[in-house]
Amino acid sequence: MTKEIQHRNDDEYAAATEGASGPQKLAGGHQPTVGEMDLEARSSLRRLTRGTSQYTDEQSDGYDVEYRKLRLEKVVLVGVWTEGTVAQIEARLEELAALATTAGSEIADMIYQKRDKPDSGTYIGSGKVDELKSIVTETGADTVICDGELSPGQMIALEKALDVKVIDRTMLILDIFAQHAKSKEGKAQVALAQMEYLITRVRGWGGALSRQAGGRAGSNGGVGLRGPGETKIEADRRRLRSDMAKLRKEIAGMKTSREIKRERRDASAIPQVAIAGYTNAGKSSLINALTGAGVLVEDALFATLDPTTRRANLRDGRAVVFTDTVGFVRHLPTQLVEAFRSTLEEVLAADVVLHVVDGSDPFPMEQIAAVNKVIGDIVEETGTPAPPEILVVNKIDSADPLVLAELRHRLDDVVFVSAHTGEGIEELETRLEVFLNSLDSHVKLHIPFTRGEVVARIHQLGTIIDEQYDAAGTVLEVRLPTSVAAELAEFVV
């Protein structure tokens, strides 16, 4: 996303959220949650963006396509089928269509081609390029989106052949992230990812805009050694490297702040549960069903970018901390994995991970593989072992019974739930309680009446099995986190 569009989105978001005298009641009469207000602001932004945009025939404006404004309004999707079934390639194109729609696009057409591998010159063959040009002309599309990562050469060749803007899957995902990021850290992470992607794709007129060396021979090496100085491309890349260095320094400082907050949570001995999974699998809906937190929920890809942490009590009274994390996706850009490292490390810092799978997806096993790959990459790079996970298949109310039957056959130790209807939520809580109990120590403590603060802490952090009193104090039979039990060793009887 260009800086111009980013500033427009920021300003419009501020305009949509400022000026309110306070939280306005919804039609149902209840106070809106933070998530509901975020969703209303995001929807207003999307309507405003689409309502004020005017399509003009830029194909005849006389300007090179490289310098036209990037607008994802009317797009044609292009995929290359190298392996798998027709149903799989169509499902992948539908996912690309969902990404494009989330970015604010209107889908004009979708085409794909079967090849052993993408064409090295234009991604698709010359015949498909001609067909694609006809579709672009007929539909008036202003952008072509390819379901893969294009090399700079492929992008330039396609733009010259089609005379419209061409972007790839990576640029599309980066654009969505730029629209949805709200926190300072999230915006900095997205900006860094965009720069890392763009630095190898900077284009210009080369020597035509170079800073020519000239003047006296002694000032630049003499006759025969004078030549073009720093080109426009080189200057752009140098500026990008400088900006990237500044952003990395800022993100490192933000990571320190996040680690301090994480250390405070660790010191509290409250179990930490990370909710991870494929994008739009229903992670935010699940955390709302478990905690009633009112986190932003939207039927869109990458609706959640900034981690949301909520504290809640399970049915046995145990306090836990749930963290809603950014979703993963097939072929998640490496730039995003690097930029969002501090955010993704929240998953590795948890005591247990709820791996949420979209049961309504036609190929949920591919989602599981994509998520496991990203987590595996983070584990390999950081050297931190992955925490235990509980597999949760969500959206069973809208899933194909045959897909659910296949999942029951292929997966072990899995919980089937519907965050929308509440089905299976109690079973998930029970499974979570059983797992957390396995991490606890079962102890019997005798606490003097003069140490009431210890009893209060035990009630907060542990599960009381039996509580009695004698002349000297309180006798408790409890399950406690192992670290807390070790601290209270003096009271063990």
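In this predicted model, helix H5, made up of residues 152–162, lies across strands S3 and S4 and runs at about 150° to S4. The two strands beneath that description are themselves partners: S3, which covers residues 143–146, is joined to S4 by 4 bridges, and the two run parallel. Two of the residue pairings can be followed by name, since Ile145 has Ile167 of S4 as its bridge partner, while the bridge partner of Cys146 in S4 is Asp168.

Strand S4 can also be read by the directions in which its residues point. Lys165 and Ile167 point one way from S4, whereas Val166 and Asp168 point the other way, and all of them are buried. Ile167 and Asp168 thus appear twice in this picture, as buried residues of S4 and as the bridge partners of Ile145 and Cys146.

S3 and S4 belong to an open sheet of 4 strands, arranged in the order S2-S1-S3-S4, with parallel pairing. At the edges of this sheet stand S2 and S4, the latter spanning residues 165–168, and each of these edge strands pairs on one side only. Neighbouring strands of the sheet are turned against each other by 20° on average, when direction is ignored. A further helix, H4, formed by residues 126–139, packs on the sheet and touches S1, S2 and S3, and its direction makes about 170° with that of S2. Strands in general pair through backbone hydrogen bonds, in either a parallel or an antiparallel manner.

From the strands we can turn to the aromatic rings, of which the structure holds 1 pair. Trp81 and Tyr112 form this pair in an edge-to-face arrangement, with 6.4 Å from centre to centre and 75° between the planes. Trp81 lies in strand S1 (residues 74–81) and Tyr112 in strand S2 (residues 106–114), so the pair ties together parts that are 31 residues apart in sequence. The two residues are covered to unlike degrees: Trp81 counts as buried because its relative accessibility is 13%, and Tyr112 counts as partly exposed because its relative accessibility is 27%.

The ring of Trp81 has another neighbour, for the charged end of Lys114 sits over this ring, 4.8 Å from its centre. An arrangement of this kind also involves Arg408, whose charged end sits over the ring of Phe416 at 4.0 Å from the ring centre.

Another place to look is Leu391, a residue of strand S9, which comprises residues 389–394. With a relative accessible area of 9%, Leu391 is buried. Leaving aside residues up to four places away in sequence, Leu391 touches His355, Val357, Ile368, Leu411, Asp413, Val414 and Val415. One of these, Val357, is 34 residues from Leu391 in sequence, yet the C-alpha atoms of the two are 7.5 Å apart in space.

Finally, these details can be set against the chain as a whole, whose secondary structure comes to 16 helices and 13 strands. The chain has 493 residues, and 48% of them count as buried. Among contacts with a separation of 6 or more, 68% are between residues 24 or more positions apart. The chain exposes about 23900 Å², and carbon and sulfur atoms supply 52% of that area.

Notes:
Residues numbered from 1 in each chain as written. Predicted model: local features only at pLDDT ≥ 70, side-chain atom pairs only at ≥ 80, totals over all residues. Heavy atoms only, no water. Phe/Tyr/Trp six-rings, centres within 6.5 Å; stacked < 30°, edge-to-face > 60°. Buried < 20%, exposed > 50% of the residue type's maximum accessible area, 1.4 Å probe, protein only. Lys NZ or Arg CZ within 6 Å of the ring centre and 35° of its normal. Contact = heavy atoms within 4.5 Å. Areas by Shrake-Rupley, 256 points an atom, 1.4 Å probe, with all protein chains shown as cover. Pairing = 2+ DSSP bridges. Axes fitted to C-alpha atoms, helices over the stretch in contact; angles between N-to-C directions.
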